[in-house]
Structures are given as C-alpha cells and as structure tokens.
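Trainee: I am new to this structure and would like a close look at a single part of it. Please take me through the disulfides, one after another.

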Amino acid sequence: RAGMTTRLKCGVVGALLVFGCARRPSAPVGVGVNVPKAQGPAAEVPAAPAEQTCFEPAAKGERSGVGGVVHCEVAASRSYCVAESATRKPVIVQLGATGALVETSIPARTEHVAQESASSLRFLTDGKPPRWFTVDLSNPDLPEVSAAVEVPGLEHAGALKAFASDGARALVGRYLIDYATKPTRYYGETALYSVHDGKRIGAVVPLTAWSGVCRRGTCLAVASGEGVAAPFEVLKIGDAGFERLGQLDRNCGGFVQWVDGERWIIARPLKAGIELVAVDFGSPRLVRKRVSLTAECPEIRHAVFAGRSGVVLRTADRGSVFVPLSSQLAAGAPEALPRSDSSERSFAPLLHGALMVEQTIGGGMRHSPTDSRGIRRYYRTWSFDGRAELLRAGAGARSWKSAGSIGLPHSGEDGEFSYGFRAHPLVRPGFAAVFVDDRPGGESEVLVVGRPCRRSVQSDR
C-alpha cells in the first residue's frame, strides 16, 4: 500500500465531498468553532425507500476498483457517491437492481454538488476555468449526464465553500485568507450567477456563505463576515441584493441544515439542547425555536429514520438519541440509539428504520531515524475499525435497536503511507450496503448488509 494516492479537497475545511489534492480526515460533525466546515448544499429530506429491507447475516464484501470518494448524498431514494474508477476516470456510483455497485461516467470528480430538485443534481468544478454539468435522475437507475460547460465568470481566488442552485440561479460562496496583511485577514465573498450563461447577477455580498439553498429565484444562506470569530448570519440573497434575517451564535459551534417541503431548516447545538431555525421560501421570515435537552453542546447530524426527519445528537459519554422534527419545528421525544464507542456515525434512510455505519479512523505521523545529514523522513500511519447495523424501532417507539450488525471489510487493520479506509452508507429501495473506500484501483469493498425481505429472513420492522 506504499505510495497510495490520497484524496479530498485542497485549501478547504470540509468533509463532504475535490481533485488532485491530499485527503484529510474529517472532524466529527458539530466540532470546531473557528473556521466552520463547508456544509454542502441543503438536501431535500429523502423519501424512505418503498421496499422493506432485511438483514443479510452472511454478507461478504466484494472487491471494487472504485475509490477516492469525495461526496455522497441520497436523492431519488438512492445513494450516489462521486469517486474515481479503477482507471482513475471520474464516476458516480450507486447500488444497482441486484445490489452490485454500478458506475456512471461523469466529466469531472468534484465535491461541489447542488440538488436543484428531487431528480436533478448540478456539479461544479473549481478549475481554471470552472465548469459545471448536471445529472438527471428522472430514471434513477439510468442517470443522464450532460456535457460540462465552462463558466469563466466563476473563476475567483479563494476556497469554494457554498454551492447551491435551483436550475436558474446558482449561489457560490468563497473563503479567502490574506497572509500579507498584519494581522492575517480572514474574509470571503458570495454571489449569484446565471445558470444559463454563468454571468454574475447583482452585486457581490462581502460575506462567506458556508451553506445554502436556492428556490424560485431566491437563495438562502448561512454566512459569516470578516474574522474567524464572526457570528453566523442567515441571509436572503436575490437579484437586487441581500437581506440579513438573523444571527446564529457560535457558543457551541457547528450546525446542520436541510429542506423539508417549503422550508429550509437549520439546527445547531446549545449548552442545554438545540436551536431550530426555519425560513419559508414563499415569504422568507426567520422562525426560531429552542428544544431543551440535558445534552451540553452535543455533536449533531441530520438523519431520516423510517421516513421521519430529525437530528441525531451525540454526547460526550458516547450516548446518542434521535429527535424527530416536523417541518413546523415540532420536536418529538428523544429516541435512544444503541450505544457505541466509535468516533463517527453516519446514517441512510430505510423504509422501517435506518442503516447506521459506525467507524473509528485513526492516523498520525511517524519518522525514520535521523540520517547522517540530520534528516528525518516523515510518513503517515492509519487504522480502521467499522461496523454496520440495520436499526428498527424498539418497544414503545422510544428507542431503536439493532436488527442485525456486522463488521466491515478491513476492520481492525492498520498500516502506513496512506490515510487508510473510510466507510460510506449506500441505500436503494430494498437494499442497504456499505462502501469501504480506498484509493482508485486499490482495496475498496462493497458489503451488502440488507436485501429485499423474504419470509425466511428477519425483517427490520
């Protein structure tokens, strides 16, 4: 595994999801208060797959040449991941009708993906010049990929953070650092662009948008001003300019966001619970609600369990709960999840539950002995442990329990000269799987942990 090709984006703090640069391990969701993560586009709440999934106790991993995943999301009831093929060609991958991994060629590998509608994705590459292209998921098993179009008007300095689009306008937010000034200047800019010709619409907003969503000609964003301690602000951005709708304080750090019907919802952790912020697309007006919980500054992640949208909160003692949230910000009672010692958890929706992927990724640096010239050679080390579980509702619907659990391929392994492995959940109606990602042409594996139910197999209901 010496000389493994590394991946993820250059000069950008983020996890989801670019090309030809070193991969960095992502921090847990909700951690970090100085430079926030690029949150990616606001995804629609995915519909629960319309076919029941049952645990596959004899699941075995299948080797895949695909690797270098930079972005995954659920659209049209299926998971799609952006990666590279064994021959280092950019692809999106998904589970096919038999549960096998299916590749579709795309013009470029990029993490900047905007969900324009329930069945359309727009991809932006941050090259010189930038290009964008679309993937039509009207037939989700046969994605239609457009040609890449150059958009020279989007070429600017700085790291690309927010990217959102409604098919007519696109929002682009960038973060810049000027080391030439004393003290160092941290600032950014955000603007709208025409999807038709790539030209800028209106004036530049002197703030860094970290996430956003666009609908019917109006874009909403979470942004911050100059300086690493600047507060988050919720903005409405249109052709004629922008409007500040409210602030999010950063005393705990982190936030998650999603679209539910005609609302954009933001959730952030507090010292004693969470704050929910919603903006309606029809008449942008910011609505706030606080949910009191005993957790202090919990890690937070958006998830969908059995068709219900909400957040998973994780506390310092490794306990986790799912809090269902309606589009009207009504919070249900917390529902306990199985305890775990893993450092990361991710989820994907199933008809009667969810697929949960747990993983602990370790890494560090070592060096060779000092040679006669006084030189040491430094190299990376890695370790990987992971499990997958199908979750179903427990007694009284106030908890979730395991309907089957299995270790992931390469779990328990460690090595040198690379970042090792990272696991991504994959779903489609009836199927649940985990893609354990390595470099392109490396040792990636797909483990199908759930298949369409038969009478002889345990149900996830």
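Mentor: What follows sets the scene for the chain, goes through the disulfides and ends with a short look at a pocket.

Keep in mind that this is a predicted model. The chain has 36 strands and zero helices. Of its 461 residues, 54% are buried. Its accessible surface is about 18800 Å², and carbon and sulfur atoms account for 50% of that.

Now to the cysteines. Searching the whole structure turns up four disulfides. I will describe some of them in detail.

Start with C72 and C81, which are joined by a disulfide with an S to S distance of 2.0 Å. The torsion about their S-S bond is about 110°, so this link is right-handed. Both ends, C72 and C81, are buried.

Next come C214 and C219. Their sulfur atoms lie 2.0 Å apart and form a disulfide. Here the torsion about the S-S bond is about 105°, and therefore the link of C214 and C219 is right-handed. C214 is buried, as is C219.

The pair C252 and C297 deserves a longer look. Its S to S distance is 2.1 Å. The torsion about the S-S bond is -60°, and the link of C252 and C297 is left-handed. Where do C252 and C297 lie along the chain? C252 is in the loop between β20 (241-248) and β21 (256-260), while C297 is in the loop between β24 (286-292) and β25 (299-305), so the disulfide ties together parts that are 45 residues apart in sequence.

Are C252 and C297 buried or partly exposed? The cut-off for buried is under 20% relative accessible area. C252 has a relative accessibility of 10%, so C252 counts as buried. C297 has a relative accessible area of 28% and is therefore partly exposed.

To finish, turn from the cysteines to the empty space. Rolling a probe the size of a water molecule over the atoms shows where such space is left. The largest pocket holds about 210 Å³. It is lined by 13 residues, and those closest to its centre are E62, G99, A100, V446 and V448. Two strands, β3 (62-64) and β36 (444-452), each contribute at least two residues to the lining of the largest pocket. Sorted by class, this lining has five charged, five nonpolar and three polar residues.

Definitions and conventions. Residues numbered from 1 in each chain as written. Predicted model: local features only at pLDDT ≥ 70, side-chain atom pairs only at ≥ 80, totals over all residues. Heavy atoms only, no water. Helix = DSSP H or I, 4+ residues; strand = E, 2+ residues; numbered from the N terminus. Buried < 20%, exposed > 50% of the residue type's maximum accessible area, 1.4 Å probe, protein only. Areas by Shrake-Rupley, 256 points an atom, 1.4 Å probe, with all protein chains shown as cover. Disulfide = S-S within 2.5 Å. 1 Å grid on protein atoms, 1.4 Å probe; cavity = no way out; pocket = protein on both sides within 12 Å on 5 of 7 lines; lining within 4 Å. Points joined across faces, edges and corners; volume = space filled by probe spheres on them. Nonpolar A, V, L, I, M, F, W, Y, C, P; charged D, E, K, R; others polar.
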